[in-house]
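Please look over the following model with its strands and its chain contact in mind. The notes after it go through these in turn.

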Amino acid sequence: MLKITNLQKTFNPGTVNEKVALKGLDLTLKDGDFVTVIGGNGAGKSTMLNAIAGVWKPDFGTIEIDGVNVTYMPEHKRAQYLGRVFQDPMKGTAPDMEIVENLSIAARRGTKRKLIWGIKKAEREQYKELLATLGLGLETRLTTKVGLLSGGQRQAITLLMASLQRPKLLLLDEHTAALDPKTAAKVLELTDKIVQENELTTLMITHNMRDAIEHGNRLIMMHEGNIVVDVEGEEKKKLTVEDLLGLFAKASGKEFANDRAILS
Amino acid sequence: MYFFNALPGAIAEGLIWGLMAIGVYVSYKILDIADLTVDGSICTGACVCAVLITNGVPAWLSVLIAFAAGALTGVVTGLFHTALGIPSILAGILTQLILYSVNLSILGGKSLQAIDARSNTLLLHMSNNPGAILAAGAIIVVVIICLWLFFYTEVGLTLKSTGDNPDMSRAQGVNVNFNKVLGLAIANGIVALAGALLAQYKGSANINDGRGAIVIGLAAIFIGLSVSMKIKPNFVVSLIGVIGGGIVYYIIYNFVVLLGLKTDYLKMLSAIIVALFLAVPYLKGKYFETQKSKRALAAAAASHAGGDTNA
């Protein structure tokens, strides 16, 4: 589904702020894989996700999604393959627009937009049903401006938007990091549900080691722009946080350091 | 008494400037771009219309061509900004300067092109203010209906989201750069349309028409939205509010002239109105912020003192 080959990216090359963010990264995802990504500060997790999404072009290497080379495809074009949820709850939705308007824009991701009515009547009913499945009482607030909602509600809507037009790959960039623990758990639960129902191939960055272990079928740990730990299936299920820290120390020769890492 | 005699004229001119303010609304409020092309494109609209009418083109067709010319100026600014990476404010300033030369050449090197209101059939003219109000009003209704329909189409919705949240728009497959160019084209098309109506109303196009137009547009928007947002914060009501803002602006303008203020100072007055509308919310927020922290400090001091006595 996703094939990254020898991906390299250096920020601010030739300056004192030069930062090698990705060092020849290789990663292949199978159809239906749900991969959690953890790693220390500056390990290259978000850099990798942004490279896949096309926020900027890599210096070297290729990215293929379902056999299509998207390495140099502009961000808005490759959006047809991708569902994205950002760390900042404000980033995934248009605050000054209604919930239904946000959803209708997302439902047309990857299609040629025309000068025809932007929200069909049948759509409203469909959105109502989908919003009801979130269990946040949003199904009665279709015309509410998204900016009036809480961070958790906005992330839930962004998740829904990411999956309305089934993406080939779902990219979640620490999408629960800015939420309080209870809301984060709820959004994670929703994530699992949406991923399972739509059988989505998913790449989820998290700073919570336990979440990384409990969710998905495969776990990768990044360090200094490369993947240093990659476990899946039964082996992943048996992992503990201590195991992970040990694996990290062995692979990197260092203690695990992440300002926001939650170890328990 | 003189004031009431001047009222129909103020309303007619206010309607035209209100229409221009709708163009500014599209760029400033919807696209979130302070587009300074406006000062040039309104003049382009006026010049194109005046020259075409003088050369025997029907007034209605001249107005449509003026709209197209204005849209083109928006495309230029849009491409400066998106394709060449020039900051939007600077892109607008550059186009504005280009347009000064372009407008001069449209006028054939003269600084003024008069339109003979007797030998040409015009859509509106200051000699018939009630008729002018009717004509401008009808055109405004058509423009508002078109915009209202457009912003609920698939394309229109993405134009709104482009200004509201470009990150979200890109993630949803929206070509943000294309939308910015399209939006600036629509905005400046409307502005030039207003310029064309202004030239007919005044019976001439002047190379200096439109200097400070962006400021008048913003003033109309702020005046209008301060009322319409309280009534119902939706698209059509906002646009009607903006038109109302234009009219109020011109009534104030006439009133101030009546009070005997030298017309030389009117541009300064417009700028001060806009500065006030921009500054007041900011200062208000800052004032309440200070009050809040003062209260918090006082509360902390009080609880601290309380703790001491207990100990």
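The paragraphs below treat two groups of strands and then the contact between chains.

The model is predicted, with local features requiring pLDDT of at least 70, side-chain atom pairs counting only at pLDDT 80 or more, and totals for chains, interfaces and linings using all residues. Residues are numbered from 1 along each chain as its sequence is written, while chains are lettered from A and ligands numbered from 1 in the order in which they are written.

In chain A, an open antiparallel sheet of four strands follows the order S2-S1-S4-S5, where strands (E, at least two residues) and helices (H or I, at least four) are DSSP runs numbered from the N terminus, and two strands pair if DSSP finds at least two bridges between them. Strands S2 (19–29) and S5 (68–69) of chain A are at the edges with a single partner strand each, so one side of each lacks a neighbour in the sheet. Two bridges link S4(A), residues 60–65, to S5(A), and Ile65(A) has Val68(A) as its bridge partner.

Strand S8(A), residues 202–205, runs parallel to S3(A), residues 34–39, with four bridges joining them, and Val35(A) stands opposite Leu203(A). Four bridges also pair S8(A) in the parallel sense with S7(A), residues 169–173, where Asp173(A) stands opposite Ile205(A).

The contact between the chains (C-beta atoms, placed from the backbone, within 7 Å) takes 25 residues from chain A and 20 residues from chain B. On the side of chain B that touches chain A, helices H6 (154–164) and H7 (166–171) of chain B each supply at least two residues, and H6(B) gives the most, with eight residues.

Terms used:
Two residues are in contact if their C-beta atoms, placed from the backbone, lie within 7 Å.
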